[in-house]
Amino acid sequence: MIQIKDLHKSYHMGNNSLHVLKGINFDVKEGELVSIMGSSGSGKSTLLNILGMLDEADTGSYVLDGVPIKNLNEKIAARYRNEFLGFIFQSFNLINYKSAVDNVALPMFYKGVPRKERVEKAHHYLEKVGLAQWSHHLPSELSGGQKQRVAIARALASEPKVLLADEPTGALDTKTSYEVMDLIQGINDEGKTILVVTHEEDIAHMTKRIVNLKDGIIIDDSPVKQVRAQQYV
Ligand code: ADP
Ligand code: MG
């Protein structure tokens, strides 16, 4: 599903430059649940943003579902991004004045899905994340865990091939984090390919493979025996 070879990325600020990714290689197969783990500043978000086509590497190659991602014009990049990828962020990134169901339906509006279908799908995915009763509530009326569930429903509604989650539990307390990981594990059990960026070891062990990033280099990439979040929720 994902093949990256020798990715490099630097940021330039005035006369200074910071070499953040220093030759990253890895493949992700369909159906995997992988964490990218590393301390703050190790380059996790930079890598995830490149995988998410929100940013581009300086050199190296990236092939997503057989499509080489390089020098795409913004229109085509946006189409692939919408078709292939779903995003989950630490800060949920919900629209505050829209209800849960409208938040979930909004990306489908931009994709031109007819109103009836997008409302039906939005309700379907809210039900899937356990929020059927909350569909007409505003984000301000939801807990952090519920907000992240809305964001997960929104990401799923576009039926992406890959879900990319950047510190999805970073703003949540421990118990709520495990509840969200339980949901993510369930979605992966159904076959979805998922990448989770985290600096927390216990969260990483709830995936099936840990890619350990340090100072822009992968220092370890190993399968792990998945800890089921269910036992903690
Ligand atoms: P992580 O997600 O692992 O905490 P990041 O990928 O966000 O790490 O950042 C890696 C390094 O790159 C950090 O030193 C950060 O300050 C720097 N950095 C990230 N984004 C930018 C940017 N847009 N411009 C300049 N420096 C950046
Ligand atoms: Mg980060």
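## The β9–β10 hairpin

In β10, I217 is the bridge partner of K214, and in this predicted model the two strands concerned, β9 and β10, pair in the antiparallel sense over six bridges. The hairpin that they form has two residues between the strands, and D215 there takes a positive phi near 50°.

Further along, D220 lies in strand β10, which covers residues 217–223. D220 counts as exposed because it has 10 C-beta neighbours inside 10 Å, where the limit for an exposed residue is 12 or fewer. The C-alpha atoms of D220 and I210 are 7.7 Å apart in space, while the two residues are separated by 10 residues in sequence.

## From β9 to β3

Strand β9, residues 209–214, is also joined to strand β3, residues 33–37, and here the two strands run parallel, with four bridges between them. Within this pairing, M37 has N212 in β9 as its bridge partner. Strand β9 thus appears in two pairings, a parallel one with β3 and an antiparallel one with β10.

## The open four-stranded sheet

A sheet of four strands, open and with antiparallel pairing, has the order β2-β1-β4-β5. Its edges are formed by β2 and β5 (67–68), and because each of these has a single partner strand, one side of each is left without a neighbour in the sheet. The pairing of β1 with β2 is antiparallel and extends over 10 bridges, and in this part of the structure H12 stands opposite S17 in β2.

## The shell around ligand 1

The residues that surround ligand 1 are Y11, M13, L18, V20, G38, S40, G41, S42, G43, K44, S45 and T46. Three elements, namely β1 (2–13), β2 (16–28) and α1 (44–51), give two or more residues each to this shell, and α1 gives the most, with three residues. Strands β1 and β2 therefore have a place both in the shell and in the open sheet, because the shell elements include them and the order β2-β1-β4-β5 contains them.

By residue class, the shell around ligand 1 divides into seven polar residues, four nonpolar ones and one charged residue.

## The largest nonpolar core

The largest nonpolar core has 61 residues, of which I36, V104, L126, A153, L164 and L195 touch the most other members. Helix α5, residues 144–157, gives the most to this core, with seven residues.

One of these well-connected members, L126, touches A100, V101, V104, L131, A132, S135 and A153, when residues up to four places away in sequence are not counted. Two of the residues in that list, V104 and A153, are themselves named among the core members that touch the most others.

## Two loop residues with positive phi

M53 is not a glycine, yet it has a positive phi of about 60°; its place is in the loop between α1 and β4 (59–64). M53 counts as buried because 20 other C-beta atoms lie within 10 Å, and the limit for a buried residue is 20 or more.

E159, likewise not a glycine, has a positive phi of about 50° and lies in the loop between α5 and β7 (162–166). In contrast to M53, which is buried, E159 is exposed, with 12 other C-beta atoms within 10 Å.

## Annotated range

An unreviewed UniProt entry places the feature "domain: ABC transporter" at residues 2–233. Over residues 2–233 the chain is 34% helix and 29% strand, and the C-alpha atoms at the two ends are 31 Å apart.

Notes
Residues numbered from 1 in each chain as written. Chains lettered and ligands numbered in written order. Predicted model: local features only at pLDDT ≥ 70, side-chain atom pairs only at ≥ 80, totals over all residues. Near = placed C-beta within 6 Å. Nonpolar A, V, L, I, M, F, W, Y, C, P; charged D, E, K, R; others polar. Pairing = 2+ DSSP bridges. Core = buried A, V, L, I, M, F, W, Y, C linked by C-beta atoms within 7 Å. Contact = placed C-beta atoms within 7 Å. UniProt positions renumbered as here; feature names shortened; annotations may be inferred.
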